[in-house]
Amino acid sequence: MGKVAVGAAVVCAAAVCAAAALVVRHRMISSRKWTRSVSILKEFGEKCETPIGKLRQLADAMDVEMHAGLASEGGSKLSMLISYVDNLPTGDEEGLYYALDLGGTNFRVLRVHLGGKEKGVISQEFDEVSIPPQLMTGSSEGLFDFIAAALAKFVESEPEGFHPPPGRQRELGFTFSFPVKQTSIASGTLIKWTKGFSIDDTVGEDVVGELTKSLEKIGLDMRVAALVNDTIGTLAGGRFYNQDVIAAVILGTGTNAAYVEHAHAIPKWHGLMPKSGDMVINMEWGNFRSSHLPLTEYDQDLDAESLNPGEQIFEKLLSGMYLGEIVRRALLKMAEEAEFFGDTVPPKLKIPFILRTPDMSSMHHDTTPDLKEVGSKLRDILEISNTSLKMRKIVVELCDIVASRGARLAAAGILGILKKLGRDTVKGGEKQKSVIALDGGLFEHYTKFRVCLEDTLKELLGDEAAETVVVEHANDGSGIGAALLAASHSQYLGVEES
């Protein structure tokens with residue numbers, strides 16, 4: 001072999017060695033980055049843990065806060081608002097009633113035809129309307145004028161035979177799913193906005209008055225007969241079908257709970273004792289907080305950057321508005337600290353709330369062998385392509401951590417209500433049924449969330465008590481419930497039909 005050939009071989013061998021060294025180094029760096037990603041995931045999982053002991057402490061704390069909130073105004077982070085609903089539907093309600101359900105980025109208008117005990121709900125129709133984002137942070141007049149116009153358009157489609165006789169007003173149940181200081185069954189002042197709304201000039205105003213002004217402006221003769229929270233609407237709708245319903249929980253964009261309390265167990269109630277002896281309480285449990293809540297750095301940062309820092313901490317851990325955002329924040333940390341998605345942080349991943357909970361749910365439920373749905377969601381929403389299977393598995397695990405924590409916390413909250421009512425154990429062998437009506441997109445559409453909640457509640461109650469507690473999906477409970485409460489509070493009750 002000549003000298004040139006030998007030299008070339010040496011150079012070639014050196015190049016191969018250098019390339020091999022680069023590959024080894026790259027693998028070591030990749031391995032280090034991967035180890036860091038896994039370590040971020042593991043640390044997050046540990047901080048989100050909700051062992052049964054911790055959930056029992058949370059249920060006890062919920063019970064204590066409920067007592068404090070019922071004792072005095074401002075006595076607790078739980079407002080425990082008196083709803084003025086002391087008579088829930090009996091099933092005798094009849095006639096045509098409207099409902100308006102405002103509780104998130106969409107609102108619904110409904111028309112419900114009630115046929116009493118024999119026929120129940122004869123028919124119902126509804127329209128769903130999306131609220132333009134600028135109206136969620138604009139003026140009170142702008143929002144309510146928009147709602148009134150949609151209501152008027154819906155009334156135009158009322159069947160010919162159902163027009164009210166001259167002089168008779170149409171009646172509406174208004175489900176308003178934000179914290180309100182109720183002053184009667186048909187009036188209440190807004191305490192604060194939640195769920196992304198921030199309209200300063202509505203705070204402290206009677207929301208029924210605001211809607212009525214907008215209705216009068218366009219000449220729609222309609223009276224708000226009942227102002228209710230979506231949770232109370234769900235409770236009323238649930239009770240119409242099942243007299244064992246004692247509480248309702250909403251798990252949707254936001255979260256809340258309402259339940260039937262004994263009037264004598266409400267020290268802050270100074271009115272006449274209701275004939276029924278009961279009073280529905282709107283807990284506003286989204287604002288619950290306790291040192292036992294498993295908060296992480298992502299939750300603290302999300303809270304600090306939110307429209308309502310320090311408020312609605314429970315809601316920020318378990319409602320549909322926030323779950324996808326928590327996953328995004330954890331992925332962003334992996335991208336920044338461990339180059340999880342490559343050398344540069346994907347720009348879209350830096351956008352708050354770009355990853356919605358329905359997208360998170362789709363990824364969490366992906367059963368394809370190569371997690372194809374996870375890959376396409378990352379590509380379509382975050383513009384991250386070429387993800388490996390093991391990266392996709394990490395994403396699914398993140399979804400599981402966030403969803404499981406939320407579902408288990410919701411179960412602890414329900415146990416807190418059952419404890420307050422003394423229904424968390426079976427006493428003296430009596431098998432009194434306690435039905436919890438649940439509504440909201442998170443509960444309805446996020447199957448893994450729902451199953452985890454139900455399983456956790458059974459685990460917390462134990463076999464015997466679990467047999468007496470039923471979680472029932474109250475589909476569209478809040479809308480029908482509002483119409484039912486409008487019927488049971490109609491100004492024409494007892495007046496002979498002409």
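**Notebook: pockets, cavities and one helix**

I started with the open space: H13 gives the most to the lining of the largest pocket, with 4 residues. This is a predicted model, where local features need pLDDT of at least 70, side-chain atom pairs count only at pLDDT 80 or more, and totals for chains, interfaces and linings use all residues. Residues are numbered from 1 along each chain as its sequence is written, and side-chain values use heavy atoms, with hydrogens and water left out.

**Terms I had to look up.** Helices (H or I, at least four residues) and strands (E, at least two) are DSSP runs, numbered from the N terminus. On a 1 Å grid over the protein atoms alone, a cavity is a set of points where a 1.4 Å probe fits but cannot get out, while a pocket is an open set with protein on both sides within 12 Å along at least five of seven lines; lining residues have an atom within 4 Å of a point.

**Largest pocket.** I read off a volume of about 1,100 Å³ (the space filled by probe spheres set on the points, which are joined across faces, edges and corners). I found 36 lining residues, with Gly252, Thr253, Gly440, Gly441 and Leu442 nearest the centre. Strands S3 (106–115) and S4 (121–130) and helices H9 (323–338), H10 (357–364) and H13 (441–445) each give two or more residues to this lining. I sorted the lining into 9 nonpolar, 17 polar and 10 charged residues. Here Ala, Val, Leu, Ile, Met, Phe, Trp, Tyr, Cys and Pro count as nonpolar, Asp, Glu, Lys and Arg as charged, and the others, Gly among them, as polar.

**Cavities.** I counted 3 cavities of 30 Å³ or more. The largest cavity has a volume of about 110 Å³, and of its 15 lining residues, Ser177, Lys195, Thr255, Asn256 and Glu315 lie nearest the centre. Helix H6 (230–241) and strand S10 (255–262) each supply at least two residues of that lining. The second largest cavity holds about 80 Å³, and its lining includes Leu81, Phe176 and Asn282. Which kinds of residue line the second largest cavity? I got 8 nonpolar, 4 polar and no charged.

**Helix H4.** I then checked H4 (residues 140–155), whose 16 residues reach 23 Å from first C-alpha to last, close to the 22 Å expected at 1.5 Å a residue (1.5 Å times one less than the number of residues). Among its buried residues (under 20% relative accessible area, 1.4 Å probe, protein chains only) are Leu143, Phe144 and Ile147. The buried residues of H4 pack against several elements, including S3 and S4.

Technical notes:
Buried means under 20% relative accessible area, exposed over 50%, partly exposed in between (1.4 Å probe, protein chains only). Contact means heavy atoms within 4.5 Å.
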